[in-house]
Amino acid sequence: MFIRSRKFIGVLVIAMLVALLLAACGDNTATSGTSTGPTAAGTTAAAPTTTAATATTSAAATTAATATTTTAATTAAVATTTTSAPTTVAATTSVAATTVVGGTTTAPTGTTVAGSTAVAGGTTTTAAGSTSKTIACTAPSAASTSGKKYRIGIAVQNTIPALQDAINGTKKGMEQCGFVEGKNVEYSVGNALGDIPALATIGRKFADDKVDLIVAVGSAALSNMYTTNKDAGTPIIFNSVTDPYSVVPSVIKTATDHGPLTGVQTFPPVEDGLKAIQASIPNAKNITILYNPTEVNAVATLKKAQEVAPKYGMTIVATTVQNSGEVLQAANAVVDKTDVFLSVTDVTVVNGLEALVKVSIDNKKPLFSLDPASAPRGAAVAIGFDYFDNGVTSASYVAQLLEGKKPQDLEIKVQPRGPTAVNLKAAEGMGFKIPDAILSVATVKYSEITPKK
């Protein structure tokens with residue numbers, strides 16, 4: 001009996017020891033990392049595994065959440081940039097301007113792609129003028145620090161992209177010269193909205209307001225600003241003018257003999273335009289140019305085209321319009337006699353370009369242009385100037401005149417050739433393929449047609 005009791009007691013003691021050991025293990029697991037000794041070490045080893053697993057789960061969840069948020073935010077930002085880019089484009093537009101077929105390569109300032117690209121219809125392009133390297137002033141003008149607030153009148157015939165680019169470029173150039181709008185300069189922009197006689201009213205108002213200087217944007221603006229302000233003696237700077245010598249022939253005689261008027265000339269590269277047509281449509285003979293005969297710039301460009309066209313076996317078919325509303329009817333009236341339409345820098349026609357694009361697509365007659373800003377609107381190939389750059393250049397003259405120089409002191413400059421722009425969608429709609437010779441030098445490519453708003 002005693003023996004049985006001893007056995008019982010032994011079993012009981014062993015059971016109690018086992019129970020104590022189990023309890024000790026449970027405590028160590030709960031307090032991972034705080035105990036010492038073999039059991040604690042073993043338990044601690046297990047504990048980090050659990051902790052690590054928990055941490056991994058937590059990190060994964062956090063990472064997933066973060067990734068989702070980041071991706072959504074990035075996508076939204078890209079979408080916003082892509083959508084807003086063409087607005088910035090408008091205008092721009094090139095890495096370097098190059099003659100279309102043969103010739104020499106030129107690289108006018110104001111057409112680089114430094115850091116400002118936009119997406120237009122899925123094609124990467126550069127905003128016109130937005131990355132201009134042309135500098136009006138390398139240091140603030142002395143006049144900008146005089147403490148005076150200058151008043152500058154800006155006159156323009158109509159709101160077309162090229163002329164708006166020129167105005168924006170002028171203001172940008174003025175900033176480079178130290179003139180900040182609202183601080184030491186204020187602008188009064190007079191836009192005739194296509195009504196050329198209204199420019200005279202704008203000019204008289206500038207004279208009555210005694211503005212310090214006038215910037216005439218375009219040929220019609222130059223003519224009217226001179227007529228209405230010559231007695232007031234207000235200095236006048238021009239940009240976006242095709243042929244200033246035919247605008248005010250009695251005053252502007254040469255680049256150094258031009259009386260109280262000076263600025264930066266932009267005569268379109270007519271011959272380059274005809275070369276581009278020949279390279280794209282080798283059999284093209286009849287080239288139609290719509291123009292407003294009251295626009296001196298358009299008449300000068302037409303004469304140049306008529307002069308050089310025979311060199312390329314071409315004939316210019318000249319068709320007149322009096323206002324933008326007549327573009328559709330005039331184009332339809334001559335479309336059967338036309339191989340190619342060529343849009344020159346006629347403000348009336350460019351303002352109604354959408355109608356010309358429609359006729360070109362409906363009748364499979366290619367549309368070329370001497371205004372790169374017309375490419376996004378539907379000109380298949382467009383060669384000409386960066387008008388933003390033209391505005392920046394003219395601002396250097398404005399700054400010098402505000403410092404006391406006279407227009408007679410400043411020689412009339414000629415704006416360098418600018419970008420080549422193409423619209424692949426327009427070319428497809430007009431039934432032809434732009435040749436590699438042009439695509440290889442095109443500094444802007446559009447894959448959609450975006451009408452002017």
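This report describes strand β5 with its neighbours, and then the aromatic pairs, in a predicted model.

**Strand β5 and its neighbours**

Strand β5 spans residues 213-217, and five of its five residues are buried. Its two faces are both covered: L213, V215 and V217 lie buried on one side, while I214 and A216 lie buried on the other.

Strand β5 pairs with β3 (residues 150-156) through five bridges, and these two strands run parallel. Within this pairing, I152 has L213 of β5 as its bridge partner. Four bridges connect β5 to β6 (residues 236-241), again in a parallel arrangement. Here I214 is partnered by I236 in β6. Together with helix α5 (residues 219-229), strands β5 and β6 form a right-handed β-α-β unit.

**Aromatic pairs**

Across the whole structure, a search finds three aromatic pairs. Two of them are set out below.

| Pair | Distance between centres | Angle between planes | Arrangement |
|---|---|---|---|
| Y150 and F179 | 5.8 Å | 80 degrees | edge-to-face |
| F368 and F432 | 5.9 Å | 25 degrees | stacked |

Y150 belongs to strand β3, whereas F179 sits in the loop between α3 (161-176) and β4 (185-191), so the pair links parts of the chain 29 residues apart. Y150 is buried, with a relative accessible area of 7%, and F179 is buried as well, at 0%.

The planes of F368 and F432 meet at 25 degrees, and the pair therefore counts as stacked, the cut-off being under 30 degrees. Because F368 lies in strand β11 (residues 367-369) and F432 in the loop between α13 (424-429) and α14 (436-439), this pair ties together parts 64 residues apart in sequence. Both F368 and F432 are buried.

Definitions and conventions
Residues are numbered from 1 along each chain as its sequence is written. This is a predicted model: local features need pLDDT of at least 70, side-chain atom pairs count only at pLDDT 80 or more; totals for chains, interfaces and linings use all residues. Side-chain values use heavy atoms; hydrogens and water are left out. Buried means under 20% relative accessible area, exposed over 50%, partly exposed in between (1.4 Å probe, protein chains only). Two strands pair if DSSP finds at least two bridges between them. A crossover is right-handed if, with the strands pointing away from the viewer, the path from the first strand over the helix to the second runs clockwise. Rings of Phe, Tyr and Trp (its six-membered ring) pair if their centres lie within 6.5 Å; planes under 30 degrees apart count as stacked, over 60 as edge-to-face and the rest as tilted.
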